[in-house]
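User: I'm new to reading protein models. Could you walk me through the features step by step?

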Amino acid sequence: MKSYPNIPASQEKVAEFRLEVIEFLEEFGLPATQKAFKVSKSTLYRWRKKFKESKGRLASLAPLSTKPKAVRERRVEPMILGYISKLRKDHYRLGKEKIKVFLDQYCFENDLAPISSSTIGRIIKSNQFFFQRQGRAYHNPSSGWAKGKRKKAKRLRVKHPRKLKEADFGHLQMDTIVKFIDGMKLYLLTAIDVKLKFSFSLPYTRLNSANALSFFKRLEQVYPLKGGIKSVQTDNGLEFLGLFDQYLKKKKVPHFFIYPRCPRINGV
């Protein structure tokens, strides 16, 4: 297969077709060429002229870009642009739909014409209004980052020979159950002592490590044995990381994680 380095791959066939038409024109004349290829006289002569002026370069027959020379630029009121930028900096996850609610009120107060949510989205993208939460922009490579990859903290894993048969009280399993009650989504954080079978559960409207920590502190207050909690076993959910995991380390309570995609290990 022929390839022409000066012609984009998508335009090679078009240039070859035009060259074929020009060669046919030279050999059989104008009437036969128009009848065979259905191309106007002016177009045929224009192709031939460009080909001859380029001294036989096939690239001269490739279609030119149809992009207009004068491209219309989006004009945005500077006050609106500044307001969107400020909202994104203060609330970096705020989307175009929510921004429009605040922007409409801002436009009304400042006698400005409001803009659509799709235009807000294009403004965010074209102006690169993407910001990160403050305090998390830089990480020292010597303290956990190496070659662009974050060093993961090692987790304690449940040993298979253990098989959940604990010899003593105080070994807990924790998990989260999702329930819909009267149209409201609730996250039920639940803990159970594997041997004692003492269980405790509380509902939360949000699932995060702060709520998991709050749940665990309340559990400590009602746990019936003086010996206290000796170990905690959970899945790998985000609610059991962060503040929750840090608290267990501070209290020197071993935190065991089950293996991914093995919920039966946490079956109690």
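**A guided reading**

Analyst: Happy to! This is a predicted model, and we can begin with one pair of residues. The side chain of glutamate 239 reaches the side chain of threonine 176 in a polar contact of 2.9 Å.

User: Where is glutamate 239 found?

Analyst: Glutamate 239 belongs to the loop between β7 (231-234) and α8. Its partner, threonine 176, is part of strand β4 (residues 171-181).

User: Is glutamate 239 buried or exposed?

Analyst: Burial is judged by relative accessible area, and under 20% counts as buried. Glutamate 239 has 8%, so it is buried. Threonine 176, at 17%, is buried because it too falls under that cut-off.

User: Which residues does glutamate 239 touch, not counting those up to four places away in sequence?

Analyst: With those neighbours set aside, glutamate 239 touches Thr176, Leu207, Asn208, Ser209, Ala212 and Phe244. For threonine 176, again leaving out neighbours within four places, the contacts are Tyr187, Leu188, Leu189, Leu207, Glu239 and Phe240. Leu207 appears in both lists.

User: Let's move to the nonpolar residues. How many residues does the largest nonpolar core have?

Analyst: A nonpolar core is a set of buried nonpolar residues joined through their side chains. The largest one here has 20 residues, and Met174, Phe215, Phe216, Leu219, Ile229, Val232 and Phe244 have the most contacts inside it. At least two of its residues come from each of β4, β5 (184-193), β6 (199-204), α7 and α8. The largest share, five residues, is supplied by α7. Another core lies apart from this one; it has 15 residues, including Tyr83, Leu103, Tyr106 and Ile115.

User: Can we look at one core residue? What is phenylalanine 216 in contact with, leaving aside its neighbours within four places in sequence?

Analyst: Phenylalanine 216 is in contact with Met174, Ile229, Val232, Phe244, Tyr247 and Leu248. Its relative accessible area is 0%, so phenylalanine 216 is buried.

User: Now the rings, please. How many aromatic pairs does the count come to?

Analyst: Two rings pair when their centres lie within 6.5 Å, and planes over 60 degrees apart make the pair edge-to-face. The count comes to ten aromatic pairs. Take phenylalanine 216 and tyrosine 247: their ring centres are 6.1 Å apart and their planes meet at 75 degrees, so this pair is edge-to-face. Phenylalanine 216 lies in helix α7 (residues 209-222) and tyrosine 247 in helix α8 (residues 242-251), so the pair ties together parts 31 residues apart in sequence. Tyrosine 247 is also buried, at 16% relative accessible area.

User: Which residues form an aromatic cluster?

Analyst: Phe17, Phe24, Phe28 and Phe37 form one aromatic cluster. A ring can also have a charge over it: the charged end of lysine 195 sits over the ring of phenylalanine 169, 5.3 Å from the ring's centre.

User: And cysteines? How many disulfides does a search of the whole structure find?

Analyst: A disulfide is a covalent bond between the sulfur atoms of two cysteines. The search finds zero disulfides in the whole structure. Two cysteines we can look at are cysteine 107, buried with a relative accessible area of 1%, and cysteine 262, buried at 16%.

User: What about the backbone? Which value does phi of aspartate 111 have?

Analyst: Phi is a backbone angle, and for aspartate 111 it is near 55 degrees, a positive value in a residue other than glycine. Aspartate 111 lies in the loop between α5 (96-109) and α6 (117-126), and it counts as exposed at 74% relative accessibility. Lysine 197 also has a positive phi, about 65 degrees, although it is not a glycine. Lysine 197 is in the loop between β5 and β6.

User: To finish, how many helices and strands does the protein chain have?

Analyst: The chain has eight helices and eight strands. Of its 268 residues, 33% count as buried. For its fold, we can ask how far apart in sequence the touching residues are: among contacts between residues at least 6 apart, 51% join residues at least 24 apart.

Notes: Residues numbered from 1 in each chain as written. Predicted model: local features only at pLDDT ≥ 70, side-chain atom pairs only at ≥ 80, totals over all residues. Heavy atoms only, no water. Helix = DSSP H or I, 4+ residues; strand = E, 2+ residues; numbered from the N terminus. Buried < 20%, exposed > 50% of the residue type's maximum accessible area, 1.4 Å probe, protein only. Contact = heavy atoms within 4.5 Å. Phe/Tyr/Trp six-rings, centres within 6.5 Å; stacked < 30°, edge-to-face > 60°. Lys NZ or Arg CZ within 6 Å of the ring centre and 35° of its normal. Disulfide = S-S within 2.5 Å. Core = buried A, V, L, I, M, F, W, Y, C linked by side-chain atoms within 4.5 Å. Polar contact = N/O pair within 3.5 Å; in protein donor to acceptor, adjacent residues only side chain to side chain.
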